[in-house]
Amino acid sequence: MTTAAAPLLALAHQAHDSTIPPQARRGMTSVCSAHPLVLEAALSRAAQTGRPVLIEATCNQVNQEGGYTGMTPVAFRDMVWDIAMQVGCDRGLILLGGDHLGPNPWKSLPATEAMERAQAMVRAYAEAGFVKLHLDASMGCRGEAAALSDEIVAERACGLAASAEAARPGQAAYVIGTEVPVPGGVADALDHLKPTAPAAALQTLRIHQDMFTTALGEDVWKRVIALVVQPGVEFGVDNVAFYRRDAARDLIDTLPRMPGLVFEAHSTDYQPAVALRELVEDGFAILKVGPGLTFALREALYALDGIRAALRPGGDRLHDTMDRLMTDRPGYWAGHYAGTDQQVSWLRHYSYSDRIRYYWALPEAREAVENLFSDLRETGMPDPLLSQFLPGLYEQIRTGHIPRDPRQITIEAVKTVLCLYDGAASR
């Protein structure tokens, strides 16, 4: 196992170390974002703490064809490394991962073609040095059922792992699972949400283990570090299902029967600190967060926009620019929000789903943000306005613990969320 992936393997084994009580278990935050300011927040925090930082790109976001960010795995890696160099983060602390790697970007195609492209994507991730690969072949392709059998999912995941091994033998740590939550939250009610049934989790594991060891060997199977399950956490457009360990108790009790593995918890965004810590104690050692980070970023940017509006009434508003971009290009949100025009209007900007995150990379949005920062550097940010619009950071700003700079304030707002996760994962 390479040095880069060693922390992941160690994380998987500590859950089965009888000398470590649950209260002392450690976890790892998975930062699922391609926004440069979010990445800067994560990397600068790693530079401060000296602890490894796990950064994951998703299949739709980054792939061999560019994804919606326009970045290949190599380009994403290089962007992360460039930011790390700027903030003084040792490259050895960085763990790169690929999330939901499978046929999802091409599921409208026949399965054979979709899987060929998925295998090419996994190969590209492996060649770029990504060491944590979440293999997700749980969705049906053209002409198939939306949900596939464990056998088909495992067979396809095995093929994806084979592509990674062909590219860089013995280097990757893998995450598997068939009960994979929808990326980016759900649009319907959460009252029906239930943790994964223990029998389903054990069956998924058994089928994957049989196929992996037969086709790829024991060495590859030993590098399968986590199983994605549903612990009973999720977020919708305006509500959150909090973790309840009593409801997940039967699932938690299956972990001792999964040697060398931990659970990976998706959609942990917006969970309270106590719930995040309980997840880690209960074996959900990998906590994935994405929209919750860009939600904090948007909150900070809009708060700064409010300060500018108070200082320069009648001027440009970031909110108006983003609203125009979203209404002109509704593809990223139109199928996710429902209700009256007024309801959809506020959801576009403020929902937990945070579909606005897809628009920050547009040239007009980047220019609007830079103009906001430039304007506030000219006007300054008086303490009373900082108190009004940024109460959570106000005390740290006015006492000099956070630089009085709009860009740095935005990064610190994201770090506030990362601190919650670090507190849960590193106790």
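**Entry 1: helix H4**

A helix here is a DSSP run of H or I covering at least four residues, and helices are numbered from the N terminus. I note at the start that the model is predicted.

I looked up helix H4, residues 111-127, and compared its length with expectation. The expected span of a helix is 1.5 Å times one less than its number of residues. For the 17 residues of H4 the span should therefore be 24 Å, and the end C-alpha atoms are 24 Å apart, which agrees.

I then asked which residues of H4 are buried. They are Ala111, Ala114, Met115, Ala118, Met121, Val122, Ala124, Tyr125 and Ala126. An α-helix has 3.6 residues a turn, so residues three or four places apart point the same way. The buried residues of H4 pack against three strands, namely S2, S3 (94-101) and S4 (132-135), and against helices H3 (73-87) and H5 (150-167). Just after H4, I found Gly129 with a positive phi of about 95 degrees.

**Entry 2: Ser163 in H5**

I next took one residue of helix H5, Ser163. Its relative accessibility is 8%, so Ser163 counts as buried; the limit for buried is under 20%. Leaving aside neighbours within four places in sequence, Ser163 is in contact with Gln119 and Arg123.

**Entry 3: the largest nonpolar core**

In soluble globular proteins, nonpolar side chains tend to be buried together. I looked up the largest nonpolar core of this model and found 136 residues in it. Phe76, Leu133, Phe212, Met322 and Trp360 touch the most other members. Helix H10 (residues 291-311) gives the largest share of this core, nine residues.

I followed up Met322. Apart from its neighbours within four places in sequence, Met322 is in contact with Tyr302, His349, Ile356, Tyr359, Trp360 and Ala365.

**Entry 4: the second largest pocket**

I recorded about 390 Å³ of space in the second largest pocket. It is lined by 20 residues, and those closest to its centre are Gly27, Met28, Arg51, Pro52 and Asp422. The elements that give two or more residues to this lining are helices H1 (6-14), H2 (36-49) and H16 (406-425), with strands S1 (28-32) and S2 (53-58). Which element gives the largest share of the lining? H2 does, with four residues. By type, the lining divides into eleven nonpolar, five polar and four charged residues.

**Entry 5: on either side of H16**

Arg404 lies in the loop between helix H15 (391-398) and H16. With 40% relative accessibility, Arg404 counts as partly exposed, since that class runs between 20% and 50%. Not counting residues up to four places away in sequence, Arg404 touches Met381, Pro382, Asp383, Leu386, Ile397 and Arg398. I also compared Arg404 with Val153: they are 251 residues apart along the chain, and their C-alpha atoms are separated by 51 Å.

Ser426 is in the segment after H16. At 22% relative accessibility, Ser426 counts as partly exposed. Ser426 touches Arg26 and Arg51, residues up to four places away in sequence not being counted. Arg51 appeared in Entry 4 among the residues closest to the centre of the second largest pocket. Ser426 and Arg277 are 149 residues apart in sequence, and 9.2 Å apart in space from C-alpha to C-alpha.

**Entry 6: helix H9**

Arg277 led me to helix H9 (residues 273-281), whose buried residues are Ala275, Leu276, Arg277, Leu279, Val280 and Glu281. What covers these buried residues includes strand S10 (284-289) and H16. Just after H9, Gly283 takes a positive phi of about 105 degrees.

How values were computed
Residues numbered from 1 in each chain as written. Predicted model: local features only at pLDDT ≥ 70, side-chain atom pairs only at ≥ 80, totals over all residues. Heavy atoms only, no water. 1 Å grid on protein atoms, 1.4 Å probe; cavity = no way out; pocket = protein on both sides within 12 Å on 5 of 7 lines; lining within 4 Å. Points joined across faces, edges and corners; volume = space filled by probe spheres on them. Nonpolar A, V, L, I, M, F, W, Y, C, P; charged D, E, K, R; others polar. Core = buried A, V, L, I, M, F, W, Y, C linked by side-chain atoms within 4.5 Å. Buried < 20%, exposed > 50% of the residue type's maximum accessible area, 1.4 Å probe, protein only. Contact = heavy atoms within 4.5 Å.
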